[in-house]
Structures are given as C-alpha cells and as structure tokens.
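Trainee: Got a minute to go through this structure with me? I'd like to talk about how the helices sit against each other.
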Amino acid sequence: MQVAEAMLARLPHRTSVSQTVVGGTTASWLAHRTLRSRKASSVAIVGLGYVGLPTALSFADVGVEVVGFDISTPRLTAIQSAKVDLLPRDLTRLKTRLTKPNTFKLTSDPAAIATTGGVIICVPTPVDKHLNPDLTALASACKAVVEHAAAGQVIVLTSTTYVGCTNDMLIEPLRKRGFTPGEDIFVAFSPERIDPGVANHAPETTPRVVGGATPKCLARALDLLRPTASALHSVSSPAAAEMTKLVENTFRAANIALANEFADVAHELDVNIMEVIGAAATKPYGFMPFYPGAGVGGHCIPCDPHYLLWQLKAHRLESPVIQSSMSGIALRPGRVVDRVRELLGDAGKRLAGARVLIVGVAYKPGVADLRESPALEIIEELARSRAKVSFTDSMIDELTLRATGTLTSLSHTDAAAHAWDVVVVHTVHPREDHQWLESAPVVLDTTFRLNLPEKHTL
C-alpha cells in the first residue's frame with residue numbers, strides 16, 4: 001500500500017521519463033548473458049485471474065515454458081485442480097498443461113520471476129468505494145517484478161491503469177535498480193483484451209496494441225507477444241498504449257449509457273427499443289449497435305473510465321461526456337428497483353414484503369463472476385426496502401451481502417415452484433431454457449432479450 005500511495009502522490013508531478021541512470025549495469029549484463037540465452041523461451045505470468053490464466057495458456061500452447069505466479073494460495077489450488085471459471089475449450093487446455101508440470105509451473109514464490117526471459121503482469125485494477133483507482137495489487141506486483149528483474153528480460157504490463165503508470169511503477173524503479181531500459185532490460189505496455197465467456201474472442205485471435213519504452217523495448221516486446229496474437233499494432237510509447245485501453249472501454253461506457261437513455265425514452269413513448277436498435281444497425285456505416293441493460297459489471301467498463309477521470313483531476317480538466325456516462329451507468333441498478341416498485345404498484349402491492357426473484361446474478365452471461373455485478377446493488381436495495389429477495393444462477397452457488405446475509409441459489413425447478421410477486425431477469429446464461437418464466441405473473445426483463453408473453457422491460 002505504501003508503494004501505491006507513493007505512486008499516487010507523485011503522479012501529478014510526472015512530466016517525462018527521466019534519463020538518469022543510477023549505477024552501472026555492465027557487470028550485471030555480463031553475469032546474466034548465459035541465463036538470458038537459456039530462458040529465452042520462458043515467461044512468468046504475474047497474476048492468474050481471468051486475464052492471466054488464459055494468457056498463460058496462450059503462451060503454453062506455442063511451446064513457451066510458463067511460470068504462473070499468484071499470491072493467492074486458494075487460486076493456485078483451484079487452478080491445480082482445474083476448478084476454475086474458464087470456457088470449456090480453455091478448461092481442456094488447462095488440464096492438458098497440468099499433466100506437464102515441467103513446462104507449466106504454478107508458484108507463490110516471486111523469486112521464480114527471475115528465472116524467465118519474459119514477464120507479463122496481469123493483475124486486477126479495480127476502483128474503491130469512492131471510485132478512485134485501487135492500485136494496491138498493481139503496485140505490489142510491479143514491486144515484486146522490479147525486485148526480481150534479471151538482465152535481458154522483457155517485461156510487459158497489461159493491467160488497465162492510468163496514463164504514465166508503466167513509467168512510474170516499472171521504468172523508473174528499474175532505473176533505480178541500475179538497469180537501462182532498452183539496453184539491458186526491455187519494458188512495454190500492451191493492454192489486455194480478454195472477453196470472459198466469449199469463445200469467439202480468444203486472446204490468440206485478437207490483435208494487440210504494444211507501446212515500448214524505447215524502440216528496442218518495442219521490438220523485444222513484439223517478439224515476445226507475436227506468437228500469442230493474431231496481429232500486433234505498435235504505438236509510440238507505453239503512455240499511448242495505456243490511453244488506448246482507456247479509450248476502448250470509455251467508448252463502450254458512453255455508448256451503453258446512451259443506449260440505456262434511449263431505452264428509457266422508448267419506454268415513455270411506447271416504442272420497442274430493441275426493434276429500433278436492430279433497424280438502426282442495418283446502416284452499413286456510421287452506426288455501431290449497443291444495447292441497454294440493468295447496468296454494467298466486471299472490472300472494465302465500470303472501473304476503467306474512472307482511472308482517466310481521477311487522473312484528469314490533477315490537471316484541473318473536466319470531461320463532461322465521460323462523467324455523465326459514468327453517472328448514468330451508476331444509477332442504472334436504481335432504475336431497475338424503481339421499475340420493480342412501479343410494477344408492484346400497478347398490481348396494488350408494496351415493495352416491502354414482496355417476493356422478488358433475481359434470475360442470473362453474474363455480471364455477464366457465461367461466467368461465474370460477480371465483480372461489480374449490477375445484480376448485487378439491485379438485491380441490496382431491494383432488501384433494504386424490506387423485499388424478500390431470492391436468486392437463481394446456474395453458475396453461482398451463493399452470494400453474501402450486507403443487507404441479506406448469505407443467499408443460496410435456487411435451481412430453476414425450485415424457482416418455478418414458488419409464487420413470486422416479481423421476477424427480475426438480470427443475466428441469461430447460454431443454453432439455458434427460461435420457458436418456466438411463462439408461468440410467472442410479472443417478469444421484468446432487464447436484458448431486453450427474452451421472448452416471453454406478458455413481460456416488461458426497463
């Protein structure tokens with residue numbers, strides 16, 4: 001935490017990459033020349049979450065020896081047991097790799113980082129309750145990488161972060177250790193592009209953006225990443241690559257917020273918003289379809305734009321479009337609760353004491369992932385209003401919230417057997433049959449995707 005606070009404190013004063021080199025590196029370079037040659041086909045993946053684990057599998061598939069490092073023993077145990085949330089294809093790949101422990105190693109010892117030729121940092125970068133960046137995990141990971149860096153290594157940061165982070169957390173600390181980026185160590189930023197639960201967006205078929213600290217850093221990073229991506233796009237600096245990721249997800253956030261706004265307008269004007277979006281999407285230029293929903297989850301869209309907004313504060317800059325979009329997204333779960341209240345009122349009932357079922361609580365279809373899921377806020381607010389809330393999700397067994405305590409997922413059979421005052425459809429997992437909802441008296445479909453009679457939308 002001290003490292004993160006130091007980085008945060010220094011950020012407003014960062015102007016450019018320092019050219020000062022502390023100490024010489026010739027001796028270090030000579031001492032590691034043999035090691036560099038030996039470890040050229042090995043890579044350490046720092047952080048084995050929803051980005052790091054698929055990344056590790058991509059490298060292993062092209063014959064690179066992988067050292068997977070994570071500070072979480074339970075996570076390592078889950079991976080070793082192949083009890084992790086992966087696409088079926090990736091789960092099969094993992095099981096295959098686990099049969100070859102000499103080429104696919106798992107460890108919680110950061111010293112293992114020093115034995116590899118490449119290092120890929122893939123740790124989460126969430127926001128705190130005040131919507132400020134929580135850099136704790138990233139600062140800790142970068143500190144470990146710097147402490148165990150070896151001459152000749154290629155270090156690539158992939159975690160979404162603020163513009164200038166690669167410089168602050170890797171380049172400058174490496175200089176202080178006596179390294180010279182571009183000469184005896186090579187540093188780059190290449191934002192992750194992982195779409196959990198979507199088989200068509202596999203890492204190895206997705207182009208990557210890469211920005212190196214120097215031209216040699218870029219060249220070495222491209223060599224490292226080339227076998228694991230369909231194409232590589234070079235940019236002039238790590239900062240340009242860092243901002244690329246922020247633009248990607250802020251673009252999505254702004255357009256989702258606009259789609260939600262149009263959904264509200266369409267509701268008031270008694271127009272089917274999905275029909276309208278489908279019609280607009282027939283235009284072959286100048287339009288890209290985005291769809292409304294109950295909110296946005298995960299650690300990308302709800303979090304990444306706040307890294308930019310936080311950084312802009314230090315420069316006294318306003319970004320009204322981004323600010324408005326993020327405010328709209330944050331308010332969306334409350335809109336769901338308001339609609340539940342309206343539908344109950346139409347039936348002459350109150351929210352207090354009402355029996356409400358939430359169908360699907362994962363933040364997106366096809367994943368067992370609750371991070372920033374709008375369903376959590378919806379359930380909390382319903383419970384605070386004294387509604388009796390239950391949920392069903394085939395991928396999540398239970399969840400624990402302050403307002404509800406621990407809730408256990410109902411099977412679809414058990415859910416269908418209850419008499420609910422309102423059923424709120426939040427997430428529809430692939431290949432699930434929801435025809436049982438036809439018997440529910442009131443269904444609020446926040447996905448806008450179900451074809452059920454007598455359903456309601458936001």
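Mentor: Sure, we'll take some helix pairs, then a couple of long helices, then one strand residue. Keep in mind that this is a predicted model.

Trainee: Okay, how do you even describe two packed helices?
Mentor: You give the angle between their axes and the distance between those axes.

Trainee: Let's try it. At what angle do H6 and H7 cross?
Mentor: Roughly 25°, with the axes of H6 (residues 136–147) and H7 (residues 165–176) coming within 9 Å. Angles under 35 degrees count as roughly parallel, so H6 is roughly parallel to H7.

Trainee: And is that crossing left-handed or right-handed?
Mentor: The H6 and H7 crossing is right-handed.

Trainee: Which residues meet there?
Mentor: From H6 you have Leu138, Ala139, Cys142, Val145 and Val146, and they meet Cys165, Met169, Leu170, Pro173 and Leu174 of H7. In that H6–H7 contact, 10 residues are nonpolar, with no polar and no charged ones.

Trainee: What about H3 and H5, how do they pack?
Mentor: H3 (residues 52–61) and H5 (residues 88–98) have axes 10 Å apart and an angle of about 60°, which makes H3 oblique to H5. The crossing of H3 and H5 is left-handed.

Trainee: Who's in contact in that pair?
Mentor: On the H3 side, Leu53, Leu57, Ser58, Ala60 and Asp61; on the H5 side, Asp90, Arg93, Leu94 and Arg97. The H3–H5 contact divides into four nonpolar residues, one polar and four charged.

Trainee: Switching to H9 and H11, what's the angle there?
Mentor: The axes of H9 (residues 238–268) and H11 (residues 304–314) cross at roughly 110° and come within 8 Å. That puts H9 roughly perpendicular to H11, and the crossing of H9 and H11 is left-handed.

Trainee: And which residues do the touching?
Mentor: Lys245, Leu246, Asn249, Thr250 and Ala253 of H9 meet Asp304, Pro305, Tyr307 and Leu308 of H11. Sorted by type, the H9–H11 contact has five nonpolar, two polar and two charged residues.

Trainee: How far should H9 span, going by its residues?
Mentor: With 31 residues at 1.5 Å a residue, H9 should span 45 Å, and its end C-alpha atoms are 46 Å apart, so the two agree. After H9 comes Asp270, with a positive phi near 60°.

Trainee: Now H12. Where does it bend?
Mentor: At Arg332, by about 35°, and Pro333 follows within four residues.

Trainee: What end-to-end reach does H12 have?
Mentor: H12 (residues 320–346) has 27 residues and reaches 37 Å from first C-alpha to last, close to the 39 Å expected. Just past H12, Gly348 has a positive phi of about 75°.

Trainee: New topic: where is His233?
Mentor: His233 is in strand S8, which covers residues 232–235.

Trainee: And what is His233 in contact with, leaving aside its neighbours within four places in sequence?
Mentor: Arg208, Val209 and Val210.

Trainee: How far is His233 from Leu222 in space?
Mentor: Their C-alpha atoms are 9.1 Å apart, with the two positions 11 residues apart in sequence numbering.

Terms used. Residues numbered from 1 in each chain as written. Predicted model: local features only at pLDDT ≥ 70, side-chain atom pairs only at ≥ 80, totals over all residues. Heavy atoms only, no water. Axes fitted to C-alpha atoms, helices over the stretch in contact; angles between N-to-C directions. Helix = DSSP H or I, 4+ residues; strand = E, 2+ residues; numbered from the N terminus. Parallel < 35°, antiparallel > 145°, perpendicular 65-115°, else oblique. Left-handed = near helix turned anticlockwise from the far one by under 90°. Contact = heavy atoms within 4.5 Å. Nonpolar A, V, L, I, M, F, W, Y, C, P; charged D, E, K, R; others polar. Expected span 1.5 Å × (residues − 1). Bend = angle between axes of the 7 residues up to and from the residue.
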